[in-house]
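Grab your viewer and work through these exercises one at a time. Try each task yourself before you read the solution under it.

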Amino acid sequence: MKKFACVGLIALSLALFGCAEQEEKVKSEDSVEVETQEQEADGSTAEADVFEDGVDEEKFQKLLAAFPAKVPDKIATTSVPLTEMLHLLDITPIGVPTSSNPIPTYFDAVTRIGSPMAPDLEVISSLQTELIIGASSLQDSLDKALNGMNLQAAYLPTDSFEDLKLSFKVLGTYFGKEDKLNEVLQNIVGKEQELAKLAQGKELPSVMLVIGTSDDFMVMNDKSYLGSLVEKLGADNIAKSVLKTESTYSAINLEEIVVADPDMIFVLASGDHGANEDKFKQEVAKNSAWKQLSAYKNDKIHILDYSIFGVTSITNIDTALTTIADYFLE
């Protein structure tokens with residue numbers, strides 16, 4: 001009997017030892033798994049921190065290097081799109097442009113320094129401005145105006161979709177606002193990727209872009225803001241592919257346009273900035289060539305909201321891209 005009891009104790013001890021060993025093994029495996037998960041999480045965070053924003057690195061570095069080495073306290077801007085960017089980055093300038101285009105209401109109390117093309121130099125001087133930031137497209141005229149003044153100036157492009165991302169990255173980096181910069185750029189890139197996925201495998205229309213000016217209507221190529229949005233979404237702008245226009249805005253040649261026969265036409269028409277929608281309808285009614293176009297026959301001529309597409313705006317990019325994509329994919 002004692003023998004059986006002894007054997008039983010030994011068996012029980014071995015069983016307990018086995019359980020303890022198994023428990024340690026499970027704990028060890030759990031520890032390794034947790035560590036692995038933490039490492040994977042760290043890796044995901046690192047990948048998110050270095051997302052691809054699509055900004056041209058060479059242009060970015062060149063523009064950034066053109067700013068003063070020491071970040072000044074008193075800055076002013078002559079550009080509406082750049083004013084909007086400063087607002088997004090929580091930077092308050094001492095002067096903003098006087099413009100009929102919307103300035104963020106948060107800057108209502110900020111001094112107006114005159115139009116983007118002809119700022120008031122006395123006002124700029126009285127504000128003791130240390131740096132003025134303007135649009136590259138107006139650099140020549142602004143440089144002439146500032147000639148003789150002891151004032152630093154920097155210029156950023158604002159004409160296209162890619163220009164807005166590039167200039168926003170330069171401003172965010174220069175003023176040390178990387179967190180806000182990355183937040184905004186990640187949203188824009190996310191929208192680009194979302195729309196690209198929706199368009200994948202689908203045949204996009206050929207497009208003509210028209211803008212009403214004070215005298216007439218003109219065709220826009222890919223260098224325009226609207227043209228850059230159409231290009232980003234992958235559609236064919238006939239101004240570039242068929243008409244081969246070099247200038248951003250070109251006179252309408254209906255004979256060539258009938259041959260190109262775009263599937264869709266977008267019209268920017270605002271009475272505040274030139275010919276309005278009624279004038280465009282009159283233009284179509286008096287010339288039968290318009291009625292030969294597939295876009296006319298299929299009711300694919302769309303009048304766009306000037307407040308969204310008439311002025312380059314990083315705040316409106318999401319709405320602008322989504323609106324155009326909806327037309328393409330309807």
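**Exercise 1. Find the residue that caps the N-terminal end of helix 3, and name the atoms involved.**

Solution. This is a predicted model, so treat each distance here as a computed one. Start at the N-terminal end of helix 3, where the cap is Ser79. Now pick out the atom pair: a side-chain oxygen of Ser79 sits 3.2 Å from the backbone nitrogen of Leu82. That falls inside the 3.5 Å cut-off for a polar contact.

**Exercise 2. Decide how far helix 3 (residues 80-88) is enclosed by the rest of the structure.**

Solution. Step one is to go through the helix with the burial cut-off in hand, under 20% relative accessible area. The residues that pass are Val80, Pro81, Leu82, Thr83, Glu84, Met85 and Leu86. Step two is the tally: 7 of the 9 residues are buried, so helix 3 is largely enclosed by the rest of the structure. Step three is to ask what the buried residues pack against. On the strand side there are strand 1 (75-77), strand 2 (95-96), strand 4 (131-135) and strand 5 (152-156), and helix 6 joins them. For scale, 42% of the 330 residues of the protein chain count as buried.

**Exercise 3. Describe how helix 3 and helix 6 cross, and say which residues make the contact.**

Solution. Take the axes first: they come within 10 Å and cross at roughly 50°. Oblique angles include those from 35 up to 65 degrees, so helix 3 is oblique to helix 6. The hand of this crossing is right-handed. Next, list the partners. Helix 3 brings Pro81, Leu82, Met85, Leu86 and Leu88, while helix 6 supplies Leu164, Ser167, Phe168 and Leu171. Sorted by class, that gives 8 nonpolar residues, 1 polar and no charged.

**Exercise 4. Do the same for helix 2 (residues 57-65) and helix 6 (residues 161-174): give the angle, the hand and the residue classes.**

Solution. The axes of helix 2 and helix 6 come within 10 Å, and the crossing angle is roughly 50°. The two helices are therefore oblique to each other, and their crossing is right-handed. From helix 2, the contact uses Glu57, Lys59, Phe60, Leu63 and Leu64. From helix 6, the residues are Leu166, Lys169, Val170, Thr173 and Tyr174. By class you should get 6 nonpolar, 1 polar and 3 charged residues. Put that beside the contact of helix 3 with helix 6, where no charged residue turns up.

**Exercise 5. Which residue just after helix 3 takes a positive phi, and is it buried or exposed?**

Solution. Walk off the end of helix 3 and you reach Asp90, with a positive phi of about 60°. Why look twice? Most residues other than glycine have a negative phi. Asp90 is not a glycine, yet has the positive value anyway. Its place is the loop between helix 3 and strand 2. The cut-off for exposed is over 50%, so Asp90, at 57% relative accessibility, counts as exposed.

Now try Asp261, another residue other than glycine with a positive phi, this one near 45°. Asp261 is in the loop between helix 10 (254-260) and strand 10 (264-268). With a relative accessible area of 24%, Asp261 is partly exposed.

**Exercise 6. Work out the surroundings of Lys244 and Glu192.**

Solution. Begin with Lys244, in the loop between helix 9 (238-241) and strand 9 (249-251). At 56% relative accessibility, Lys244 counts as exposed. Its side chain reaches the backbone oxygen of Ser241 at 3.1 Å. Skip the neighbours within four places in sequence, and the contacts of Lys244 are with Ile238 and Ala239. Asn221 is 23 residues away along the chain, and its C-alpha atom is 8.7 Å from that of Lys244.

Then turn to Glu192, in helix 7 (residues 178-199). Its relative accessible area is 16%, so Glu192 is buried. Apart from neighbours within four places in sequence, Glu192 is in contact with Phe161, Lys165 and Lys232.

**Exercise 7. How many helices and strands does the protein chain have?**

Solution. Count through the chain and you should reach 14 helices and 11 strands. Then consider contacts between residues at least 6 apart in sequence: 64% of them join residues at least 24 apart.

Conventions. Residues numbered from 1 in each chain as written. Predicted model: local features only at pLDDT ≥ 70, side-chain atom pairs only at ≥ 80, totals over all residues. Heavy atoms only, no water. Helix = DSSP H or I, 4+ residues; strand = E, 2+ residues; numbered from the N terminus. Buried < 20%, exposed > 50% of the residue type's maximum accessible area, 1.4 Å probe, protein only. Contact = heavy atoms within 4.5 Å. Polar contact = N/O pair within 3.5 Å; in protein donor to acceptor, adjacent residues only side chain to side chain. Axes fitted to C-alpha atoms, helices over the stretch in contact; angles between N-to-C directions. Parallel < 35°, antiparallel > 145°, perpendicular 65-115°, else oblique. Left-handed = near helix turned anticlockwise from the far one by under 90°. Nonpolar A, V, L, I, M, F, W, Y, C, P; charged D, E, K, R; others polar.
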